[in-house]
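Visitor: I'd like a close look at one part of this model, starting with the backbone and then working outward. Please keep the cut-offs explicit as you go.

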Amino acid sequence: MSPRFDFTIHATDGRARTGEIAMRRGTIRTPAFMPVGTAATVKAVKPADVRAAGADILLGNTYHLMLRPGAERVHRLGGLHGFMGWDRPILTDSGGYQVMSLSDLTKRSEDGVEFKSHLDGSRHLLSPERSMEIQRLLGSDIVMAFDELVPTTATRDVQARAMERSMRWARRSRDGFDSGGAHAEGAALFGIQQGALDESLRRESADALKDIGFDGYAIGGLAVGEGQEAMFGVLDYAPGQLDATKPRYLMGVGKPDDIVGAVERGVDMFDCVLPTRSGRTGQAFTRTGPINIRNARFAEDTGPLDPECPCASCTGWSRAYIHHLVRAGEILGAMLMTEHNLWFYQRLMADLRAAIASGSLSMFANDFRTRYSSRG
């Protein structure tokens with residue numbers, strides 16, 4: 001019988017780790033990057049092509065799916081996996097971030113967050129218990145606890161109160177997850193560390209989460225505009241505050257060089273809309289830095305997007321053709337660009353895993369940073 005959740009670290013290099021998370025729907029190789037399937041789809045790419053790029057797990061969005069098509073409807077239609085045609089693990093976020101960032105009218109209380117839908121103006125209450133219920137209905141494999149996010153620019157008092165409330169909500173998430181039956185259905189639950197850029201608040205949050213007990217731990221409240229230096233400053237200590245035997249997930253990150261630096265600091269899992277969003281807007285990632293395929297200099301360039309990439313977009317079409325598609329607004333342009341970017345991210349993760357396993361991460365990371373910034 002496949003395990004519900006089993007994390008094994010196979011090798012370490014400094015603070016970096018490589019290993020595997022075994023779950024009933026498949027194994028997740030770490031460090032792992034999760035493409036974002038906000039509305040039950042990774043935009044512009046079929047699920048089989050996402051898997052072909054090397055992805056072991058996707059991310060779905062609780063907030064968007066609860067509003068459209070509705071968690072109860074997805075459940076009636078066989079769950080998120082069958083609905084979207086993805087038979088491997090799915091992590092769902094708790095919905096808290098979108099509630100805070102997308103709704104112009106929110107009312108926060110100890111019960112949860114009352115908000116106005118950005119789609120039709122309808123009112124909803126998202127609480128820890130409701131978030132757990134929605135994620136169970138969706139059939140999530142990795143469920144995220146419900147938390148409260150505040151800007152890193154908020155006062156320390158505001159940050160402390162939000163962190164403390166998040167820890168109370170983490171306990172309620174744990175209780176709701178256990179009583180709702182998601183554990184028996186094979187799902188895992190991750191807690192989310194908060195505390196903005198404050199080391200002592202992060203420590204308090206980590207201790208509270210470890211006391212509750214989770215299958216894995218996320219580092220939340222970063223990649224929200226604080227900049228790489230500040231983020232790395234937190235990552236110099238935050239992963240070490242968490243249970244070293246459990247996966248560490250940095251939410252919403254990110255840029256390729258952010259990922260490399262975070263892996264060096266002990267992070268195991270990542271998600272970000274950047275590869276797909278950038279693909280749709282004409283940015284392709286390469287080992288010598290990103291390029292904007294819309295630029296006129298690519299209009300007659302017969303070379304591939306990335307000479308080092310084996311994906312179908314790079315081996316089948318030229319920069320000139322993709323430049324034309326993107327400039328003309330053709331859907332195929334977004335599809336080819338997105339597919340390439342997903343391959344780039346998954347190849348980067350595979351290279352990071354190999355470098356950790358061989359004890360050469362520092363050499364790989366320094367070479368990557370040098371080449372990635374070379375385009376200037």
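**A loop and its surroundings**

Guide: Let's start at proline 69, which sits in the loop between helix 2 (62–67) and helix 3 (71–76). Helices here are DSSP runs of H or I with at least four residues, strands are E runs of at least two, and both are numbered from the N terminus. Before going further, keep in mind that this is a predicted model: local features need pLDDT of at least 70, side-chain atom pairs count only at pLDDT 80 or more, and totals for chains, interfaces and linings use all residues. Residue numbers run from 1 along each chain as its sequence is written, and side-chain values use heavy atoms, with hydrogens and water left out.

What brings us to that loop is the peptide bond between arginine 68 and proline 69: it's cis, with omega at about 10°. There's another cis peptide bond to look at, joining valine 253 to glycine 254, where omega is about -10°. Glycine 254 belongs to the loop between strand 13 (248–250) and helix 11 (256–264).

Staying with backbone torsions, swing over to the loop between strand 4 (32–37) and helix 1 (47–53), where you'll find alanine 40. Its phi is positive, about 70°, even though alanine 40 isn't a glycine. Alanine 44 is in the loop between strand 4 and helix 1 too, and its phi is also positive for a non-glycine, near 75°. Their surroundings can be read from relative accessible area, where buried means under 20%, exposed means over 50%, and partly exposed is in between (1.4 Å probe, protein chains only). Alanine 40 is buried at 12%, while alanine 44 comes out partly exposed at 32%.

Now for the cysteines. A disulfide is a covalent bond between the sulfur atoms of two cysteines. With the cut-off set at a pair of cysteine sulfur atoms within 2.5 Å, the structure has zero disulfides. Cysteine 309 is in none, and its nearest cysteine sulfur, on cysteine 311, is 3.5 Å away. Both residues are tucked in: cysteine 309 is buried with 6% relative accessible area, and cysteine 311 is buried at 0%.

One stop on a helix: arginine 168 lies in helix 7 (residues 156–180). Arginine 168 is partly exposed, at 40% relative accessible area. Its C-alpha is 24 Å from that of leucine 235, which is 67 residues away along the chain.

Zooming out, the protein chain has 16 helices and 16 strands, and its C-alpha trace spans about 60 × 50 × 45 Å along the principal axes. A compact globule of 376 residues would have a radius of gyration near 21 Å, and the chain's 20 Å agrees; that's taken over C-alpha atoms, with the globule rule being 2.2 Å times the number of residues to the power 0.38. Buried residues make up 56% of the 376. Taking a contact as heavy atoms within 4.5 Å, residues 24 or more positions apart account for 66% of the contacts with a separation of 6 or more.
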